[in-house]
Amino acid sequence: MRRKVRLPAEAAPELERGSAVVLAIGVVGGLVTVLVLALGLVAVLVAGQQARTAADLASLAAAGQLVQGVDDSAACARAARVTDQHGVELRRCTVTRQGPSPLPEVTLDVERAVGGTRWAVAVTARAGASVAPSG
């Protein structure tokens with residue numbers, strides 16, 4: 001058999017004391033979680049934009065060197081210098097010559113680490129002549 005314990009009416013406010021503190025801690029914890037996730041998303045977006053910019057500039061620099069008559073390795077070295085100046089790692093540099101066109105196409109794969117995380121953003125950029133298939 002269970003017994004119900006009845007408290008006096010004036011004791012009820014005493015039992016609820018401190019509940020606002022628990023609620024405030026929960027709200028602050030939720031806001032901090034949302035803020036940390038938002039900062040992580042912004043870091044990824046910024047690193048992606050920086051990687052795209054560096055890849056575009058490096059591929060244009062390499063294509064410009066090739067148009068001036070420099071060999072493929074020197075053009076890729078120029079692209080590597082540009083990516084280094086922008087804090088991006090050059091993963092691959094490929095020069096493609098298609099058909100009789102004297103203008104080659106440069107394809108670069110670059111990677112940039114997302115600051116404060118173990119993530120990295122990978123980007124591919126192309127510059128130069130692109131010969132469309134006829135037909």
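Contact here means heavy atoms within 4.5 Å. That is the sense in which Thr83 touches Ala54, Ala58, Val88, Leu90 and Val110, once residues up to four places away in sequence are set aside. The views below come from a predicted model.

**View 1. The whole chain, with three helices and three strands.** Follow the sequence and you read off α-α-α-β-β-β. There are 135 residues here, and 23% of them are buried. Now take the contacts between residues at least 6 apart in sequence: 46% of these join residues at least 24 apart.

**View 2. Helix H2, end to end, covering residues 19–67.** How far apart are the end C-alpha atoms of H2? They sit 73 Å apart, and since 49 residues at 1.5 Å a residue should span 72 Å, the two values agree. Just past the helix comes Gly69, which has a positive phi near 100°.

**View 3. The buried residues of H2 and what covers them.** The buried set runs Ala47, Gly48, Ala51, Ala54, Ala55, Ala58, Ser59, Ala61, Ala62, Ala63 and Leu66. As background for reading that list, an α-helix has 3.6 residues a turn, so residues three or four places apart point the same way. Which elements help cover the buried residues of H2? The cover includes helix H3 (72–85), along with strands S1 (89–96), S2 (105–113) and S3 (120–128).

**View 4. H2 against H3, a right-handed crossing.** The two axes come within 8 Å and cross at roughly 150°. Anything over 145 degrees counts as roughly antiparallel, and that is therefore how H2 and H3 run relative to each other. On the H2 side, the contact is made by Ala54, Leu57, Ala58, Ala61, Ala62, Gln65 and Leu66. H3 brings Asp72, Ala75, Arg78, Ala79, Val82 and Thr83. Sort the contact by class and you get nine nonpolar, two polar and two charged residues.

**View 5. Thr83, a residue of helix H3.** Is Thr83 buried or exposed? Its relative accessibility is 0%, so Thr83 counts as buried. Two of its contacts, Ala54 and Ala58, are themselves on the list of buried H2 residues. Val88, Leu90 and Val110 are the other contacts of Thr83 beyond four places in sequence.

**View 6. Gly48, in helix H2.** Gly48 has 4% relative accessibility, so it counts as buried. Which residues does Gly48 touch, not counting those up to four places away in sequence? They are Val121 and Val123. Look for Val114 too: 66 residues separate it from Gly48 along the chain, yet their C-alpha atoms are 8.4 Å apart.

**View 7. Glu111, in strand S2.** With a relative accessibility of 23%, Glu111 counts as partly exposed, because the buried class takes in values under 20%. Apart from its neighbours within four places in sequence, Glu111 is in contact with Val88, Glu89, Arg91, Ala120, Val121 and Ala122. Val121 turned up in the Gly48 view as well, as a contact of that glycine. Ala47 is worth finding here: Glu111 and Ala47 are 64 residues apart in sequence, but 9.4 Å apart in space, C-alpha to C-alpha.

Terms used
Residues numbered from 1 in each chain as written. Predicted model: local features only at pLDDT ≥ 70, side-chain atom pairs only at ≥ 80, totals over all residues. Heavy atoms only, no water. Helix = DSSP H or I, 4+ residues; strand = E, 2+ residues; numbered from the N terminus. Expected span 1.5 Å × (residues − 1). Buried < 20%, exposed > 50% of the residue type's maximum accessible area, 1.4 Å probe, protein only. Axes fitted to C-alpha atoms, helices over the stretch in contact; angles between N-to-C directions. Parallel < 35°, antiparallel > 145°, perpendicular 65-115°, else oblique. Left-handed = near helix turned anticlockwise from the far one by under 90°. Nonpolar A, V, L, I, M, F, W, Y, C, P; charged D, E, K, R; others polar.
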